[in-house]
Amino acid sequence: MKIADFIAADRVIPRLFGTNKRSILKELADIGAASVNLDPTTVFDALLERQDSTTIGLGRGTAIPHATIVGIAAPVGVFARLQPPVDFGAVDGIPADLVVMILAPQDDNRTLLRALSCTARRLREGDVAARLRSASDVETLYAVLVSDVWSGADPAEMIGRASGN
């Protein structure tokens, strides 16, 4: 599984403003729910329930809130860069500024774990995290998030490579 399998460019938010974890989860739930025609309250409640039972702050300024949801057939993700960073309870105590919310089909923990794993690996890559923090637009953020075409390239070049031009 790759991040591009569940995050589309229209679900990349370059600046999400929120003062706490709850407000960020609400915004992410609204965006994710709208993309698959679900009730945003249902998604928000599922995220809250899941975050009460597991850590969603990965550390190094990253977090992956997640839940399984009735009514979707495939995983759905939303990437957001937070301003200011928000405490998601990571062990290292660093507030998160890079967040990927993942929704997976109900009773499909295997798919959820695969999506979590590929996302965690990607966000822990130092070059990826640095580029995500410095990118100036959605196209660049998406290219960095889902591919390695940017490696060693300037941002203008990577947008063309990521889109196949």
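Strand S1 (residues 12-16) and strand S5 pair in the parallel sense over 3 bridges, where two strands count as paired if DSSP finds at least two bridges between them. Within this pairing, Ile-13 has Ala-80 of S5 as its bridge partner. Ala-80 is also bridged to Val-99 in S6, and the S5 and S6 strands run antiparallel over 7 bridges. This is a predicted model, in which local features need pLDDT of at least 70 and side-chain atom pairs count only at pLDDT 80 or more, while totals for chains, interfaces and linings use all residues. Residues are numbered from 1 along each chain as its sequence is written, and side-chain values use heavy atoms, with hydrogens and water left out.

Strand S5 spans residues 76-86, and 8 of its 11 residues are buried. Buried here means under 20% relative accessible area, exposed means over 50%, and partly exposed lies in between (1.4 Å probe, protein chains only). Across the protein, buried residues make up 47% of the 165 residues.

S6 also pairs with S4, in this case in parallel and through 4 bridges. His-66 of S4 has Ile-102 as its bridge partner in S6. Strand S4 covers residues 66-69, with His-66 and Thr-68 pointing one way and Ala-67 and Ile-69 the other. Why do side chains in a strand point in alternating directions? In a regular strand they alternate between the two faces of the sheet. In S4, the residues on either side are all buried.

The protein as a whole has 6 helices and 6 strands. Helices (H or I, at least four residues) and strands (E, at least two) are DSSP runs, numbered from the N terminus. In order from that end, the elements read β-α-α-β-β-β-β-β-α-α-α-α.

The structure holds 3 salt bridges, a salt bridge being a side-chain nitrogen of Lys or Arg within 4 Å of a carboxyl oxygen of Asp or Glu. One of them involves S6: Asp-97 forms a salt bridge with Arg-133, with the closest N and O atoms 2.8 Å apart. Because Asp-97 lies in strand S6 (residues 96-105) and Arg-133 in helix H4 (residues 126-134), the pair ties together parts that are 36 residues apart in sequence. Asp-97 counts as buried at 14% relative accessibility, whereas Arg-133, at 35%, counts as partly exposed.

Another salt bridge joins the side chains of Asp-30 and Lys-26, at 2.9 Å from N to O. These two residues are 4 residues apart in helix H1 (residues 21-35), so about one helical turn separates them. Asp-30 is partly exposed, with a relative accessible area of 26%, and Lys-26 is partly exposed at 37%.

Arg-122 and Glu-125 also form a salt bridge, their closest N and O atoms being 3.6 Å apart. Arg-122 is buried, at 9% relative accessibility, while Glu-125 is partly exposed, at 35%.

Which residues gather in a patch of negative charge on the surface? They are Asp-39, Asp-45, Glu-49 and Asp-52. Such patches are made of residues with over 30% relative accessible area and no salt bridge, like charges being joined within 9 Å. Asp and Glu count as negative; His and the chain ends are not counted. Asp-52 lies in helix H2 (residues 40-53) and counts as exposed because its relative accessibility is 64%.

Conventions: Patches are made of residues with over 30% relative accessible area and no salt bridge: like charges are joined within 9 Å, nonpolar side chains (Val, Leu, Ile, Met, Phe, Trp, Tyr) within 5 Å. Accessible areas come from the Shrake-Rupley method with a 1.4 Å probe; for residues, only the protein chains shown count as cover. The place of a charge is taken as NZ of Lys, CZ of Arg, CG of Asp or CD of Glu.
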